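This briefing covers the strands, the sheet pairing, the nonpolar cores and the aromatic contacts of one chain. The points are grouped by topic.

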Amino acid sequence: MAMALCAMLSSRLLANNLFVLPTFSGNATGTATVYSGNPLASAGNFTTASDAYLVLAKPALNAADTKYYVISRSGSNSLIILNSAFTPIGTAISFGQNVTAAALTPDGAKLLVVAGNLRIYNTSTDTEIQTQFLDVGLN
């Protein structure tokens, strides 16, 4: 199965992780693989949307509290939150509109996702705290 290289994360608190996301195969979902260490060895797998394109890490002082946010372009299964063992926390979140951008704030306290509107999530509780309507039309 062809895979697309997604993200390589490194931090003093985390081992180096390399996420290999599925390429679109006509199926709605695919299997992503995580590699870690030196030399690289498989660290886990998880199911994600086949159009997943970004993995954002929220490191923690205790490595077991690290979270990963997997962002997909489609309006369904747009956000999957993983724990440090690469197991989903809760169910996938669907925004109903295509995701065009996502980022964590520098302090890691908030996840910002643009999917039609700006959606702001508290990363401690993984709940949406605000939706900001964006007007990017012609003036």
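Two strands count as paired if DSSP finds at least two bridges between them. In this predicted model, one such bridge has Ala103 with Leu112 in β9 as its partner. The chain has 11 strands and 0 helices, and 40% of its 139 residues are buried.

**Overall make-up**

- From the N terminus on, the order of elements is β-β-β-β-β-β-β-β-β-β-β.
- Of the contacts between residues at least 6 apart in sequence, 27% join residues at least 24 apart.

**Hairpins from β2 to β4**

- Strands β2 and β3 are antiparallel and share 4 bridges; in this pairing Val20 is opposite Thr33 of β3.
- The hairpin of β2 and β3 has 6 residues between the strands, and Gly26 in its turn has a positive phi of about 95°.
- Strand β3 also pairs with β4 (residues 41-49), in the antiparallel sense and over 8 bridges.
- Within that pairing, Gly30 is opposite Thr48 of β4.
- The β3 and β4 hairpin leaves 4 residues between its strands, with Gly37 at a positive phi near 90°.

**Hairpin of β6 and β7**

- Strands β6 and β7 run antiparallel and are joined by 4 bridges; Ile71 has Leu79 in β7 as its bridge partner.
- Between β6 and β7 there are 6 residues, and Asn77 in the turn of this hairpin has a positive phi of about 50°.
- Strand β7 is covered on both faces: Leu79 and Ile81 are buried on one side, Ile80 and Leu82 on the other.

**Open sheet of β8 to β11**

- Four strands form an open sheet in the order β8-β9-β10-β11, and their pairing is antiparallel.
- The edge strands of this sheet are β8 and β11 (127-132), each of which pairs on one side only.
- On average, neighbouring strands in the sheet are turned by 20° against each other, direction ignored.
- Strand β8 is joined to β9 (residues 110-115) by 4 bridges, and the two run antiparallel.
- The pair of Ala103 and Leu112 in β9, named above, is a bridge pair.

**Nonpolar cores**

- The largest nonpolar core has 13 residues, of which Phe19, Phe46, Tyr68 and Val70 touch the most other members.
- The elements that give two or more residues to this core are β2 (17-22), β3 (29-36), β5 (52-58), β6 (67-72) and β7 (79-82).
- Strand β5 gives the most to this core, with 3 residues.
- Another core lies apart from this one; it has 12 residues, including Val99, Leu111, Ala115 and Tyr121.
- In soluble globular proteins, nonpolar side chains tend to be buried together.

**Aromatic pairs**

- There are 5 aromatic pairs in the structure.
- Phe19 and Tyr68 form a tilted pair, with 5.2 Å between centres and 55° between planes.
- This pair links distant parts of the chain, since Phe19 is in strand β2 and Tyr68 in strand β6, 49 residues apart.
- Phe19 counts as buried because its relative accessible area is 0%, under the cut-off of 20%.
- Tyr68 also counts as buried, because its relative accessibility is 2%.
- Tyr68 and Phe86 form a tilted pair as well, at 5.4 Å centre to centre and 35° between the planes.
- That pair too links distant parts of the chain: Tyr68 is in strand β6, and Phe86, 18 residues away, is in the loop between β7 and β8 (101-104).
- Phe86 is buried too, because its relative accessibility is 7%.
- Through ring pairs, Phe19, Phe46, Tyr68 and Phe86 are linked into a cluster.
- Phe19, Phe46 and Tyr68 are thus named both in this cluster and among the residues that touch the most other members of the largest nonpolar core.

**Charge over a ring**

- Arg73 lies over the face of Tyr53, 3.9 Å from the ring centre.

Notes: Residues are numbered from 1 along each chain as its sequence is written. This is a predicted model: local features need pLDDT of at least 70, side-chain atom pairs count only at pLDDT 80 or more; totals for chains, interfaces and linings use all residues. Side-chain values use heavy atoms; hydrogens and water are left out. A nonpolar core is a set of buried Ala, Val, Leu, Ile, Met, Phe, Trp, Tyr and Cys residues joined through side-chain atoms within 4.5 Å. Buried means under 20% relative accessible area, exposed over 50%, partly exposed in between (1.4 Å probe, protein chains only). Rings of Phe, Tyr and Trp (its six-membered ring) pair if their centres lie within 6.5 Å; planes under 30 degrees apart count as stacked, over 60 as edge-to-face and the rest as tilted. A charge sits over a ring if NZ of Lys or CZ of Arg is within 6 Å of the ring centre and within 35 degrees of the ring normal. Axes are lines fitted to C-alpha atoms, for helices over the stretch in contact, and angles run from 0 to 180 degrees between N-to-C directions. Contact means heavy atoms within 4.5 Å.
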